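Colleague: I have a model to go through. Let us take the sheets, then the cores.

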Amino acid sequence: MNNLTDVKKIMVKLSATLIASLLVTANAFAGWSVSGTKVIDPKGNNFIFRGINHAHAWYPDKTAKAMTDIAATGANSVRVVLADGGQWTRTAGADVATIISQCKAAKLVCVLEVHDSTGFGESSGATNISNAANYWASSDIKNAIVGQEDYVIINIANEPYGNNTSATTYTSETSAAIKTIRNAGLTHLIMVDAPAWGQDWQYVMRDNAATIFAADSLSNTLFSVHMYEVYNSASVVQNYLTTFQAKGYALIVGEFGTENNGNNVDEASILQYTQQMGIGYMGWSWSGNGSCCVPLDIAINWNPASLSTWGDFLINSANGIKATSKLATIFTNGSASSVATSSSSKSSSSVANSSVSSTSSSVKSSSSSVASSSSSAASGEQCNWYGMLYPLCTTTTSGWGYENNKSCIARATCSGQPAPYGIVGGSTSSALSSAAVSSSSKSSSSLVSSSSSSKSSVASSSPSSSSSSSVAATGLSCVYVVTNTWSGGYQGAIRVTNNGTSTTNGWTATWQYTGANRMTSSWNATITGTNPYSATSLSWNGNLTAGQTVEFGVQGNTNGGAVETPAVTCK
């Protein structure tokens with residue numbers, strides 16, 4: 001009897017130990033994760049970074065106040081410059097622990113990055129990304145960040161390669177760095193920067209994202225592009241973000257500013273597109289950029305009451321931090337959302353193979369959605385992909401496809417886009433189409449192109465603050481909407497709706513300003529004339545089914561006059 005009792009006691013202790021071990025494992029991975037193109041916070045809610053960079057490695061004495069000042073802007077995150085000792089004095093584990101505490105006190109998600117690898121292969125002092133990976137795996141840094149998975153994201157290395165690094169080198173060495181961190185037992189969300197000084201102008205990161213993501217045993221990697229002078233027009237910004245997101249991986253604009261090396265950056269388009277597409281951004285940088293880069297200081301001389309033109313635009317414009325930032329629910333009373341189930345099951349599968357049933361069920365529902373798509377797609381439905389219309393795939397079940405000699409988007413992928421985007425048109429959703437586009441003053445076509453005025457402090461107006469409309473005998477109606485204004489300039493959208501019963505075959509819209517306003521740029525239409533102006537449809541947006549709406553954008557100068565809403569006709 002005594003021996004049996006002892007055996008029972010041992011079994012109870014072993015069970016308790018096993019449960020405790022499993023709980024520790026689960027809690028270690030309780031932090032941030034990615035689910036497709038979205039970033040998920042520790043409570044399972046979608047999170048969009050609206051943050052600011054801070055150069056701790058060069059100004060450690062400024063960090064404590066900078067944290068509180070950055071938080072006061074409304075930012076929900078901060079990206080902090082650390083050093084592994086390769087180019088600058090190593091940031092020790094004790095300092096990292098202090099930084100994390102400061103982030104938490106300010107309710108800022110803490111993105112930590114190693115800066116010594118910047119421009120490796122082109123900058124003589126830069127160290128390889130492997131050095132940065134070893135820094136994260138070192139004992140003092142692990143001691144500082146393990147247990148902080150709910151608050152810390154590991155950005156392995158800042159801009160870890162210069163220009164002309166081969167795709168093979170970048171992909172293999174970035175993958176190896178991820179493996180080093182995972183082999184060290186770290187389960188945090190990992191962020192990787194693009195090559196070419198972060199700008200990825202050769203699309204190396206974009207086109208090899210799948211291979212890099214596959215190197216992460218926890219499938220928990222976020223990609224970061226830095227948008228500087230390469231991104232000097234709305235079309236370039238749009239192309240990169242939409243193409244990357246279509247690949248199905250999460251992306252953030254980890255750095256951007258108003259200029260770089262004296263060259264313009266289209267920061268207004270970056271703000272607008274990221275807001276429309278649910279992509280995070282983090283402006284560079286709070287202060288202390290030195291004589292080379294003074295225009296990139298957000299706060300002049302570290303003074304939060306003295307914002308630069310760039311800082312004022314980043315924080316206070318219509319798509320800036322103050323208007324769009326939301327705290328991570330880890331810092332609020334927000335409860336876990338339905339996203340948590342899919343996210344946690346995906347994440348925990350890498351740890352404990354426990355998510356097969358939930359994964360397969362989600363696949364089943366996705367398949368059933370696609371199975372019913374062919375008939376509804378045939379009835380005129382399309383995918384409004386951030387303001388651009390594409391056919392719905394009939395056989396492709398997820399992501400993008402190529403059917404009937406055209407690019408298409410799977411129903412399940414399209415329907416997951418935030419309002420006002422998604423599936424539009426057709427007999428079952430024509431009302432959705434009208435509502436979606438009529439409210440889409442924030443659609444991708446409402447972007448400003450690169451101009452000096454995009455750097456000025458914006459006094460934004462409601463997207464529907466003023467408009468004019470007309471209906472043609474053909475059944476086409478047009479409305480001109482002013483979507484944004486600033487000193488000396490304006491941004492507008494002209495929406496064309498098919499109110500008839502049959503599909504159109506192209507359209508033309510005409511308008512004329514009666515005062516001093518003149519157009520300087522446009523997108524999503526071909527413009528001719530110099531007031532009056534005439535816009536004709538492009539190949540992808542000319543055929544409108546009954547009830548369908550498309551829009552194109554314009555930007556111009558007021559030339560000393562008031563912003564106008566001219567009459568517009570269409571045929």
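Modeller: Go ahead. This is a predicted model.

Colleague: In the open sheet of three strands, which are the edge strands?

Modeller: The sheet has the order 1-2-3, with antiparallel pairing. An edge strand pairs on one side only. That picks out strand 1 (33–35) and strand 3 (46–47).

Colleague: Which residue of strand 3 stands opposite V39?

Modeller: Strand 2 covers residues 38–40. Two bridges join strand 2 to strand 3, and the two run antiparallel. Opposite V39 stands F47.

Colleague: How many bridges join strand 22 to strand 25?

Modeller: Strand 22 spans residues 508–511 and strand 25 spans residues 533–536. They run antiparallel. One bridge partner pair is T508 with T536. The bridges between these strands number four.

Colleague: What is the bridge partner of T510 in strand 27?

Modeller: Strand 27 holds residues 568–570. Strand 22 pairs with strand 27 in the antiparallel sense, over three bridges. The partner of T510 is T569.

Colleague: Now the cores. Which residues touch the most other members of the largest nonpolar core?

Modeller: Nonpolar side chains tend to be buried together in soluble globular proteins. Here the largest nonpolar core has 95 residues. Those touching the most other members are L112, W136, I145 and I156.

Colleague: How many residues are in the other core that lies apart from it?

Modeller: Its members include C478, Y480, Y490 and V496. The count for that core is 23 residues.

Colleague: Back to L112. Leaving aside neighbours within four places in sequence, which tryptophan is L112 in contact with?

Modeller: The contacts of L112 include V80, L82, V96 and I99. I145 and N155 are also among them. The tryptophan is W136.

Conventions
Residues are numbered from 1 along each chain as its sequence is written. This is a predicted model: local features need pLDDT of at least 70, side-chain atom pairs count only at pLDDT 80 or more; totals for chains, interfaces and linings use all residues. Side-chain values use heavy atoms; hydrogens and water are left out. Two strands pair if DSSP finds at least two bridges between them. A nonpolar core is a set of buried Ala, Val, Leu, Ile, Met, Phe, Trp, Tyr and Cys residues joined through side-chain atoms within 4.5 Å. Buried means under 20% relative accessible area, exposed over 50%, partly exposed in between (1.4 Å probe, protein chains only). Contact means heavy atoms within 4.5 Å.
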